[in-house]
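Me: Hey, can you walk me through this one? I'm new to reading structures, so plain words please.

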Amino acid sequence: MSDDVKILFDNNRAWAESVKTDDPAFFEKLAAQQTPEYLWIGCSDSRVPANQIVGLLPGEVFVHRNVANIVVHTDFNCLTVLQYAVEVLKVKHVIVVGHYGCGGIRAAYESRYTGLADNWLRNIRDVHFRYREELDAIADKEERLARLCELNVITQVSHVCHTTIAQQAWSRGQKLAVHGWVYSLRDGLVKDLDCSVDGLELIPEAYRIVG
Ligand code: CO
């Protein structure tokens, strides 16, 4: 085994030991069940790890990550995570977390060809196009990209809310709130984008699925 892979096993043994030192029954309890209250939908970026950023232990946050934290209604991977989190684990909060300096957002904005990924990033071009007037009014390009990161999160929050999964949960009277946050790589802090949705009445009529 090469050294750069072997070190991961060394790290793993040291980590498991330190966890057991703090709480000898930690792994036994976790192996029996998970009861996370949060679903984190974030970017795959290595600098945006869900648990560490919000100080949660294994077992406390269910996680789905993809390039540029996108929620697409035909993506069965993301929908499966969402359904399991809401219907089985009964998480109380779904949090879409974007981050400033997102390479996916930049690639979509700059129109350069990256290959297959462009088909995924097309979803961000939709956001760019929808908010083009607001974005064009921002003189500085980096500020415009930062705003596009925020607008992408706000859009993906609405996509979560428009799924059958969220709407059926609200129809059943299940407590569920969907939030949009953005993370700064520069200071490690998350900002709430004030676009939380916690009920069907906040969903535009055209997107409502009542059953
Ligand atoms: Co990113």
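**Chatting through the fold**

Reply: Sure, let's start with Leu-200: outside its neighbours within four places in sequence, Leu-200 is in contact with Gln-167, Trp-170, Ser-171 and Arg-208. Keep in mind that this is a predicted model.

Me: OK, and where does Leu-200 lie?

Reply: Leu-200 lies in the segment after β5.

Me: Is Leu-200 buried or exposed?

Reply: Leu-200 counts as buried because its relative accessibility is 18%, and the cut-off for buried is under 20%.

Me: How far is Leu-200 from Phe-26?

Reply: Their C-alpha atoms are separated by 38 Å, and Leu-200 and Phe-26 are 174 residues apart along the chain.

Me: You listed Arg-208 as a contact of Leu-200. What else does Arg-208 touch?

Reply: Not counting residues up to four places away in sequence, Arg-208 touches Gln-167, Glu-201 and Ile-203 as well as Leu-200. Gln-167 is also among the contacts of Leu-200. Arg-208 lies in the segment after β5 too, and with a relative accessible area of 34% it is partly exposed.

Me: And how far apart are Arg-208 and Thr-164?

Reply: In space they are 8.8 Å apart, C-alpha to C-alpha, while in sequence Arg-208 and Thr-164 are 44 residues apart.

Me: Let's zoom out. How many helices and strands are there?

Reply: The protein chain has 9 helices and 5 strands. In sequence order the pattern runs α-α-β-α-β-α-β-α-α-α-α-α-β-β.

Me: What does the C-alpha trace span?

Reply: About 55 × 45 × 30 Å along its principal axes. The chain has 211 residues, and 42% of them count as buried.

Me: What about contacts between residues far apart in sequence?

Reply: Take the contacts between residues at least 6 apart in sequence: 62% of those join residues at least 24 apart.

Me: What's in the largest nonpolar core?

Reply: That core has 48 residues, and Leu-39, Val-94 and Trp-170 have the most contacts inside it. The elements giving two or more residues to it include β1 (38-43), β3 (93-99), α5 (103-110) and α8 (141-162).

Me: Which element gives the most to this core?

Reply: That's α8, with 8 residues. Apart from this core lies another one of 9 residues, with Val-48, Ala-50, Ile-53 and Ile-95 among them.

Me: Back to Trp-170. What is it in contact with?

Reply: Setting aside its neighbours within four places in sequence, Trp-170 is in contact with Cys-161, Leu-176, Val-178, Val-197, Asp-198, Gly-199, Leu-200 and Ile-203. So that brings us back to Leu-200, which counts as buried at 18% relative accessibility.

Me: Now the metal. What coordinates the cobalt ion?

Reply: Cys-43 and Cys-102 do so through their SG atoms and His-99 through NE2, at 2.0 to 2.3 Å. The spacing of these donor residues in sequence is C-x55-H-x2-C.

Me: Where do Cys-43 and Cys-102 lie?

Reply: Cys-43 is in strand β1 and Cys-102 is in the loop between β3 and α5, so the pair links distant parts of the chain, 59 residues apart.

Me: Why do Cys-43 and Cys-102 count as buried?

Reply: Cys-43 counts as buried because its relative accessibility is 6%. Cys-102 counts as buried because its value is 4%.

Me: Next up, α5. Which residues of α5 are buried?

Reply: Gly-104, Ile-105, Ala-107, Ala-108 and Tyr-109. The buried residues of α5 pack against α6 and α8.

Me: What comes just after α5?

Reply: Ser-111, which takes a positive phi of about 65 degrees. Most residues other than glycine have a negative phi. Ser-111 lies in the loop between α5 and α6 and counts as exposed at 51% relative accessibility.

Me: Where else is there a positive phi in a residue that is not a glycine?

Reply: Asp-194 has one, of about 55 degrees. Asp-194 lies in the segment after β5 (190-192) and is exposed, with a relative accessible area of 69%.

Me: Last topic, the surface and charges. What have you got?

Reply: The protein chain exposes about 12,000 Å², with carbon and sulfur atoms supplying 54% of it. As for charges, there are 22 positive and 28 negative ones, and their mean positions are 3 Å apart.

How values were computed:
Residues are numbered from 1 along each chain as its sequence is written. This is a predicted model: local features need pLDDT of at least 70, side-chain atom pairs count only at pLDDT 80 or more; totals for chains, interfaces and linings use all residues. Side-chain values use heavy atoms; hydrogens and water are left out. A nonpolar core is a set of buried Ala, Val, Leu, Ile, Met, Phe, Trp, Tyr and Cys residues joined through side-chain atoms within 4.5 Å. Buried means under 20% relative accessible area, exposed over 50%, partly exposed in between (1.4 Å probe, protein chains only). Helices (H or I, at least four residues) and strands (E, at least two) are DSSP runs, numbered from the N terminus. Contact means heavy atoms within 4.5 Å. Donors are N, O and S atoms within 2.8 Å of the metal (3.2 Å for Na, K and Ca); water is not among the atoms, so sites may look incomplete. Accessible areas come from the Shrake-Rupley method with a 1.4 Å probe; for residues, only the protein chains shown count as cover. Lys and Arg count as positive and Asp and Glu as negative; His and the chain ends are not counted. The place of a charge is taken as NZ of Lys, CZ of Arg, CG of Asp or CD of Glu.
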